[in-house]
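Let's take a walk through this protein together, starting from the inside and working outwards. Please have the sequence and the 3D view ready.

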Amino acid sequence: MAARFLAAALFVVVAAAGPAALPVRAQDPTYDYRTGDPEMGSAIDAARGSLERFREDFRGQRGEHFVVKVAIPIKGVNGREHIWMNLDTIDGDSFVGHLANDPQRLAPLVKGSPYRAGSAMISDWGYVRDGRMYGNYTTRVMLKRIPAEQAEGLRKILSPQP
């Protein structure tokens, strides 16, 4: 079964116009990865392994425009759609915000829908600080599959280390 990843324009828009261009757009492409894809699995594991650091950076407001990628189950299918959520708050083990994109297979959810996800549903995280993007573990894997011009723009603004 393929997991669906929505490539948030957080990356594309920031690359083209800088952090002021946030938040993300709804028309971003979707990329399919097999659930067992080892490179994507490693990226998700690394993001989850550093989630406590992200929580600390969020609470300390050590950046701007904080987002998390949420793995939401697709009804009637053994799979999940991974979609970015603009983060409003962290409440205990819950990440609370609004979907940053229009989901492909999660009706009735749409861009802007409020959503609450436990930490087990988080597959990535990110924020911008000093014009650089931190986190974005899955985005770094996706650089190989997105158009070369977009990938080059992203490489210029991704922090050297997540």
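In this predicted model, the largest nonpolar core is made up of 29 residues. The residues with the most contacts inside this core are F54, V68, V70, L87, F95 and W125. Many parts of the chain contribute: at least two core residues come from each of α2, α3 (51-59), β3 (64-73), β4 (80-91), β5 (94-99), β6 (114-118), β7 (122-129) and α4 (137-142). Nonpolar side chains tend to be buried together in soluble globular proteins.

V68 is a good place to pause. Leaving aside residues up to four places away in sequence, V68 touches F54, I83, W84, M85, L87, F95, I122, D124 and W125. Apart from the largest core lies another one, of eight residues, including M133, L143, I146 and A151.

Now step back to see the whole chain. The protein has five helices and eight strands, and from the N terminus on they follow the order β-α-β-α-α-β-β-β-β-β-β-α-α. Of its 162 residues, 52% count as buried. Among contacts between residues at least 6 apart in sequence, 60% join residues at least 24 apart.

Next, turn to one of the helices that feed the largest core. Helix α2 spans residues 38-49, 12 residues in total, and reaches 16 Å from its first C-alpha to its last, close to the 16 Å expected at 1.5 Å a residue. Which residues of α2 are buried? They are M40, A43, I44 and A47. These four cover an arc of only 95 degrees around the axis, so they sit on the same side of α2. The spacing fits a general rule: an α-helix has 3.6 residues a turn, so residues three or four places apart point the same way. On the other side of α2, P38, D45 and G49 are exposed.

Finally, have a look at the aromatic rings. The structure holds eight aromatic pairs. One of them joins Y127 and Y134, which are stacked, with 5.6 Å centre to centre and 15 degrees between the planes. Are these two tyrosines buried or exposed? Y127 is buried, with a relative accessible area of 2%, and Y134 also counts as buried, at 18% relative accessibility. Both belong to one aromatic cluster, formed by F54, F58, F66, W125, Y127, Y134 and Y137. F54 and W125 bring us back to where we began, since they are among the residues with the most contacts inside the largest core. Y134 has a charged companion as well: R129 lies over the face of its ring, 4.4 Å from the ring centre.

Conventions
Residues numbered from 1 in each chain as written. Predicted model: local features only at pLDDT ≥ 70, side-chain atom pairs only at ≥ 80, totals over all residues. Heavy atoms only, no water. Phe/Tyr/Trp six-rings, centres within 6.5 Å; stacked < 30°, edge-to-face > 60°. Buried < 20%, exposed > 50% of the residue type's maximum accessible area, 1.4 Å probe, protein only. Lys NZ or Arg CZ within 6 Å of the ring centre and 35° of its normal. Expected span 1.5 Å × (residues − 1). Arc of directions from axis to C-beta. Core = buried A, V, L, I, M, F, W, Y, C linked by side-chain atoms within 4.5 Å. Contact = heavy atoms within 4.5 Å.
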